[in-house]
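Biologist: I keep meeting the words buried, exposed and contact. Show me how they apply here.

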Amino acid sequence: MRPATLARWIVLALIVLVVFVPMYWILVTSFKTGRQILLSERIYVPWPFTIDNYVYLFQESRFALWIRNSAITATASTLLSLVIGAAGAYSLTRLSFPGRRTFGGIVLITYLVPPGLMFIPLYRTFIQMGYTDSLGTLILAYPTFLVPFVTWLLMGFFRSIPRELEEAALVDGATRLQAMVRVVLPLAAPGLLAAGLFCFTLSWNEFLYALIFIGDDSLKTLPVGLSEFVVSDFAFWGQLMAAAALASLPVIVVYIYLHKYMVQGLTAGAVKG
Amino acid sequence: MTTLAKMLGVLIALLTIAAVPLLEPASAAGKLSLWRLKTYIPPADKILDANAQECAKKAGIELAIQTYTFDDMWTKFTAAIEAKTLPDIAELDAVGPARLANLGRLSDVSDVVAAATKELGPILSNADGAVKFGGKYYAVPHYAIPLVLFYRSDILTKVGAEPPDTWEDIQKVSEKVKKAGVQDFPNGFPWNRTGDGYDPAMSLLWSYGAAWVDKSGKFTGIPKAQGLEALKVVTRAYLADKTAAFDYLSWSGATNNEAFMAGKITFTPNGPSILFQEESTQHPLLKDTAIKVMPKGPAGRNLALTFVMNWAVPSDGKQQKEAKALIGCVMARENFVKYMTGSFRQMVPLFAKPLDDAYWNTPSGKIIVDTVKQGHPVGWPGPTTPAAAEVVSGNVLTDMITRVIVDKVAPEAAIDEANKRIKEIYDRLPVK
Amino acid sequence: MNALTDRHRERLLGYALIAPVAIFLAGLVAYPFLSAIYLSLTEKIVGYPAHFVGLKNYESLLESGRFRIVAWNSAAFTVGSIVVKLVIGMAMALALHHVVRGNQFIRGILLLPWVIPTVVIALTWKWLMDLFRGLINVALIDVGVVRSGVHWLGDPTLAMVSVIMANVWRGFPFFGVSFLAAMQTVPQELYDAAAVDGAGGWHKFWQITLPSIKGVVAVVTLLSTIVTLNDFNIVYIMTRGGPGAATHIFATYSYELGIMSQRWGLAMAASLASLPLVALLIVAVVRYLHREEE
């Protein structure tokens with residue numbers, strides 16, 4: 001083996017180790033008994049191990065509901081953001097109209113607004129609309145931080161698609177809208193997928209809005225549910241880690257399959273940003 | 001890519017079908033809404049919910065219960081105060097009634113307190129300061145979880161020390177334990193941004209005669225001489241004797257429980273939760289775990305009682321009468337005793353009769369009850385005020401201590417700084 | 001004539017397609033944001049009406065020693081996190097670049113920290129770094145590297161390093177994977193030509209790889225800076241800003257002011273105070289990218 005290759009593998013092994021240790025800890029803790037955790041017994045490998053923590057999730061907590069709520073919220077807000085963002089990005093890159101540049105700048109600036117600052121004004125807005133305590137509230141709220149990003153990312157992507165393809169379609173008699181839907185969007189699929197994954201992950205992990213806008217126990221999302229395993233003086237470590245492991249599993253599977261699209265999309269969009 | 005697209009399509013279609021009914025706002029209209037604290041004792045929470053639902057059913061109303069955790073309480077309430085969406089019934093922490101009553105957002109519940117008094121005997125006079133303003137009650141005390149001093153009896157025996165009764169004693173015994181090589185950092189008093197930090201900080205200052213207000217609740221400032229004595233005894237542990245580790249200053253509420261149960265510290269201030277945890281896991285340290293009333297100082301034993309939950313009826317609600325009736329029903333003797341006796345001796349009543357219940361007649365039960373009986377509300381020797389609340393929630397007191405420990409600021413300067421911050425708070429939020 | 005109507009039509013479509021974004025941003029972003037700016041100019045206590053005080057909140061922040069500590073901590077936290085993420089991310093990308101077998105799988109595995117909820121990551125790291133019970137200290141003592149536990153979250157400097165480590169753990173895979181993707185678009189001919197000139201590995205990296213991917217580096221850095229500066233959970237859960245104020249950052253400080261102390265106006269000012277810095281960074285990156293493009 002050449003020294004360079006060896007060095008590569010050593011670096012890689014170190015990085016994998018660093019990523020692995022906390023995940024290992026989450027996983028082994030989820031199989032420990034409360035006693036093993038409190039007494040720091042069997043630190044490295046839980047033996048005897050227990051699946052009580054997992055059983056607890058389904059029998060005593062509303063874990064399944066949290067997953068359902070998070071899945072619905074994340075999927076819907078992702079789709080909504082993609083539709084709105086794609087339309088906006090197309091308009092800003094392909095069509096010329098007065099005020100275009102200014103608007104492009106504004107979209108970028110709104111990406112800066114810290115969510116911690118927004119939650120009360122946003123909550124008041126929803127109260128005024130008379131629409132709180134529903135998953136729909138979150139589905140409308142999440143695009144506030146997703147749409148600017150999607151628009152920005154797709155703008156770069158659309159720019160990288162040659163105008164000629166679209167013009168050919170126009171010559172063939174397609175309308176502008178048809179050209180967009182039939183020619184540009186399919187070519188931008190990796191970008192849409194990338195933006196979609198990014199949105200999904202952010203929505204899946206969002207905590208603050210979900211805490212404030214949702215009160216009903218049956219509508220709570222996963223991060224809020226997880227946070228309830230830590231109750232002032234107490235951390236229910238076993239259950240928490242079991243929930244974390246189980247909740248990450250579907251996302252992990254999705255990522256192993258789809259991350260290459262995400263990476264392609266992000267870089268293609270970003271290079272031209 | 002195409003199969004993938006199809007799979008995604010099917011998934012999304014399924015989710016959409018599942019989602020439609022959930023897009024309706026969860027209608028609380030007509031229902032009575034109740035927000036309560038989610039505690040670390042799920043069985044007790046269940047009893048409370050069952051009681052409340054039973055009461056609602058008898059009254060022919062529908063009850064919707066929502067929960068929050070201690071860390072999230074003010075996030076949730078801040079949004080609700082601003083959006084005018086407070087629930088019909090709110091379980092508030094020790095400073096909640098003062099803040100909301102001052103805003104004019106709480107209804108007078110003196111009648112509910114009077115009814116509860118008939119059922120449960122007189123309210124503890126030391127609990128009044130947190131819920132009674134201008135002669136009227138704005139909340140009904142539900143329960144308290146008092147902080148007590150946890151210590152390891154076996155280690156004390158080993159080094160030949162008596163259980164400490166003063167702040168000085170804790171320091172001396174910690175040194176002994178360290179010198180004997182039993183533990184490196186036995187003194188587990190965390191001056192952090194949790195109740196385990198600010199509650200003992202008040203007990204400490206008050207026990208040294210260093211309160212920051214007078215009896216009417218007006219600002220006086222922390223007196224220098226007494227403040228310095230108090231600072232000296234606790235900062236020594238970190239700086240000179242090294243019987244406490246800096247890590248304690250960034251602990252969360254749960255970490256000191258865990259450090260104690262891992263056998264790494266001899267002392268820590270905590271609610272009785274460690275006992276509950278050790279009992280439920282048949283922890284080997286249970287036999288060596290002992291509790292005592294928190295220490296006294298030169299000015300006596302002036303304990304803080306900051307973990308108190310209170311029922312309040314926000315004036316936003318349209319169903320005041322029903323809300324009051326429901327609180328009355330939950331606090332009725334039979335219901336309340338059922339809840340209390342299901343709390344693993346954690347939830348301590350603030351009414352005389354249930355406090356005398358045989359349930360508390362155990363060695364640790366007596367200490368817990370004793371602590372509640374002599375605890376003082378936030379802002380002592382005055383009543384709880386929004387300003388006093390901010391001194392605590394803004395972490396002014398623990399900041400004063402950590403300025404000396406971490407930033408190596410001179411104790412005099414740290415007190416000056418704290419007094420400046422406290423004065424600014426009291427100037428801005430004058431006592432009415 | 002025809003051209004004119006076409007242009008009209010294009011304009012119309014342009015506005016129509018941008019309308020949803022515009023409505024969305026105006027209603028649910030701009031309005032709340034503007035009201036946040038307004039509130040930062042008022043004395044606003046939760047539940048009481050706001051009254052205008054001009055720049056007083058900003059003045060009192062600038063005067064306060066605490067805010068200076070917090071600003072300094074935020075800068076250290078953000079810059080520290082970003083720099084380490086850049087270095088490790090780059091190392092990861094370079095190491096993976098020529099690895100063919102298992103590349104997909106390793107990449108997938110390495111992206112995992114990015115999908116675990118932040119609440120769980122922060123709690124896990126807090127526990128891993130616990131003085132007594134943390135896996136890191138226990139393992140170090142078992143192996144015999146140290147005799148007593150390292151004060152990961154106790155020593156004021158080390159505590160900052162620790163929260164940075166947790167933040168880096170969560171964020172570096174995204175850097176690495178993005179860099180890697182960018183590297184794979186660099187034409188092989190460039191390297192071949194350099195090899196003919198006898199260039200070594202370092203030389204190739206500085207002269208070819210880095211210049212080719214600097215656009216991606218800039219954008220990823222920008223995105224991550226915004227997210228890191230607003231990061232609340234990691235610090236709040238791991239240290240609550242402690243010991244003392246050693247890890248108190250903008251996000252935890254605004255929380256302490258706005259939620260715990262109910263001082264909404266001052267809290268808004270504290271979190272808005274970080275915006276000019278980020279805005280500058282954004283402008284710099286965007287200009288840079290535009291220049292690259294032209």
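Modeller: A residue is exposed if 12 or fewer other C-beta atoms lie within 10 Å of its own, and buried if 20 or more do. Keep in mind that this model is predicted.

Biologist: Which residues of H5(A) are exposed?

Modeller: Arg101(A), Thr102(A) and Gly105(A). Each is called exposed because 12 or fewer other C-beta atoms lie within 10 Å of its own.

Biologist: Which residues of helix H5 of chain A are buried?

Modeller: Phe103(A), Val107(A) and Thr110(A), in a helix that covers residues 100-110. For them, the cut-off is 20 or more.

Biologist: What puts the buried residues on the same side of H5(A)?

Modeller: They cover an arc of only 70° around the axis, so they share one side. The exposed residues Arg101(A), Thr102(A) and Gly105(A) lie on the other side of H5(A).

Biologist: What makes two residues of chains A and C a contact?

Modeller: Their C-beta atoms must lie within 7 Å. That contact takes 69 residues from chain A and 73 residues from chain C. Helix H14 of chain A, residues 237-272, gives the most to the chain A side, with 17 residues. By class, that side has 48 nonpolar, 17 polar and four charged residues.

Biologist: How many residues of chain B are in contact with chain C?

Modeller: 30 residues of chain B are in contact with 26 residues of chain C. On the chain B side, H3(B) supplies the largest share, five residues. The residues of that side divide into 10 nonpolar, 10 polar and 10 charged.

Key: Residues numbered from 1 in each chain as written. Chains lettered and ligands numbered in written order. Predicted model: local features only at pLDDT ≥ 70, side-chain atom pairs only at ≥ 80, totals over all residues. Helix = DSSP H or I, 4+ residues; strand = E, 2+ residues; numbered from the N terminus. Nonpolar A, V, L, I, M, F, W, Y, C, P; charged D, E, K, R; others polar. Arc of directions from axis to C-beta.
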